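Me: I should like to learn how to read the features of a structural model, one at a time. Where should such a reading begin?

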Amino acid sequence: MPVLRRLLSRPLPVVDMVHEDAPATIAAIIAHLPLGKVALAIFVAVTTVFVATTYDSASYTLASAATQVLHAGGDPARWHRLFWAGVLGLLTVGLMFIGGLKVVQSAVLLAGLPIAIAGIFMVRSLLGWLKEDTAHAVVSTKAEET
């Protein structure tokens with residue numbers, strides 16, 4: 001109860017903060033919690049690890065796809081992964097300098113559109129496969145009954 005009383009006694013103008021600077025609102029909300037500075041440090045650490053692993057896996061995937069000869073169980077060359085990590089980093093920094101978050105959001109939306117279309121085809125294919133498999137299961141069940 002003391003924690004809840006403390007939070008309610010010092011309300012944050014979250015709606016106004018979102019209109020001013022949406023990303024900074026997250027930090028302000030976390031800092032407003034009890035042990036806010038500790039929670040904010042943990043949030044920053046977890047976010048940094050998340051971003052690092054995301055960039056690492058994305059650069060590994062791009063390097064694997066761009067490697068001409070990659071045997072099963074093999075890894076792409078380290079310089080190739082570093083190249084793609086650098087390209088991804090420069091792309092992100094470039095988009096931020098061009099126009100900030102709005103440009104990044106537009107780029108993500110445009111890049112996600114083809115993936116969404118491919119996802120629709122994949123779902124259609126899955127439903128067709130499931131229908132075919134269900135028909136096959138019914139036929140084999142009837143054959144076992146006789």
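Reply: Begin with the terms for exposure: a residue is buried under 20% relative accessible area, exposed over 50%, and partly exposed in between. Note also that this is a predicted model. As a case, Val-123 has a relative accessible area of 48%, so Val-123 is partly exposed.

Me: In which helix does Val-123 lie, and which residues form a nonpolar patch with Val-123?

Reply: Val-123 belongs to helix H6, which covers residues 101-145. A patch admits residues with over 30% relative accessible area and no salt bridge, and nonpolar side chains are joined within 5 Å. Here the patch on the surface consists of Val-123, Leu-126, Leu-127, Trp-129 and Leu-130, and together these residues have about 490 Å² of accessible area.

Me: What does the overall architecture of the chain look like, in helices and strands?

Reply: The chain contains six helices and zero strands. Read from the N terminus, the order of elements is α-α-α-α-α-α.

Me: How should I read burial and accessible surface for the chain as a whole, and what share of the residues counts as buried?

Reply: The same cut-off of under 20% relative accessible area defines a buried residue. Of the 146 residues in the chain, 8% count as buried. The accessible surface of the chain amounts to about 11,800 Å², and carbon and sulfur atoms account for 73% of that surface.

Me: And what share of the contacts joins residues at least 24 apart?

Reply: The share is 27%, taken among contacts in the chain between residues at least 6 apart in sequence.

Me: Let us turn to a single helix. How does the span of H4 compare with the expected value?

Reply: A helix is expected to span 1.5 Å times one less than its number of residues. H4 has 31 residues, and the distance from its first C-alpha to its last is 44 Å, close to the expected 45 Å.

Me: Which residues of H4 are buried, and what covers them?

Reply: The buried residues of H4 are Gly-36, Ser-59 and Ala-63. Their cover includes helix H3 (22-32) and helix H5 (78-99).

Me: Is Ser-59 to be called buried or exposed, and which residues is Ser-59 in contact with?

Reply: Ser-59 is located in helix H4, residues 36-66. Its relative accessible area is 3%, and therefore Ser-59 is buried. When neighbours within four places in sequence are left aside, the contacts of Ser-59 are Arg-81, Trp-84, Ala-85 and Leu-88.

Me: Ser-57 also has its place in helix H4. Why does Ser-57 count as partly exposed, and how far is its C-alpha atom from that of Arg-81?

Reply: Ser-57 has a relative accessible area of 39%, which means that Ser-57 is partly exposed. The C-alpha atoms of Ser-57 and Arg-81 are separated by 9.4 Å, while the two residues are 24 residues apart along the chain.

Me: What can be said of Pro-23 in helix H3?

Reply: Pro-23 is partly exposed because its relative accessible area is 47%. Its C-alpha atom is separated by 9.5 Å from that of Leu-101, 78 residues away along the chain.

Me: Finally, how many aromatic pairs does a search of the whole structure find?

Reply: The search finds one aromatic pair. Phe-83 and Trp-84 form this pair, with 5.2 Å centre to centre and 75 degrees between the planes, an edge-to-face arrangement. Planes over 60 degrees apart receive that name. Phe-83 is partly exposed because its relative accessible area is 43%, and Trp-84 counts as partly exposed because its relative accessibility is 22%.

Definitions and conventions
Residues are numbered from 1 along each chain as its sequence is written. This is a predicted model: local features need pLDDT of at least 70, side-chain atom pairs count only at pLDDT 80 or more; totals for chains, interfaces and linings use all residues. Side-chain values use heavy atoms; hydrogens and water are left out. Patches are made of residues with over 30% relative accessible area and no salt bridge: like charges are joined within 9 Å, nonpolar side chains (Val, Leu, Ile, Met, Phe, Trp, Tyr) within 5 Å. Accessible areas come from the Shrake-Rupley method with a 1.4 Å probe; for residues, only the protein chains shown count as cover. A salt bridge is a side-chain nitrogen of Lys or Arg within 4 Å of a carboxyl oxygen of Asp or Glu. Helices (H or I, at least four residues) and strands (E, at least two) are DSSP runs, numbered from the N terminus. Buried means under 20% relative accessible area, exposed over 50%, partly exposed in between (1.4 Å probe, protein chains only). Rings of Phe, Tyr and Trp (its six-membered ring) pair if their centres lie within 6.5 Å; planes under 30 degrees apart count as stacked, over 60 as edge-to-face and the rest as tilted. Contact means heavy atoms within 4.5 Å.
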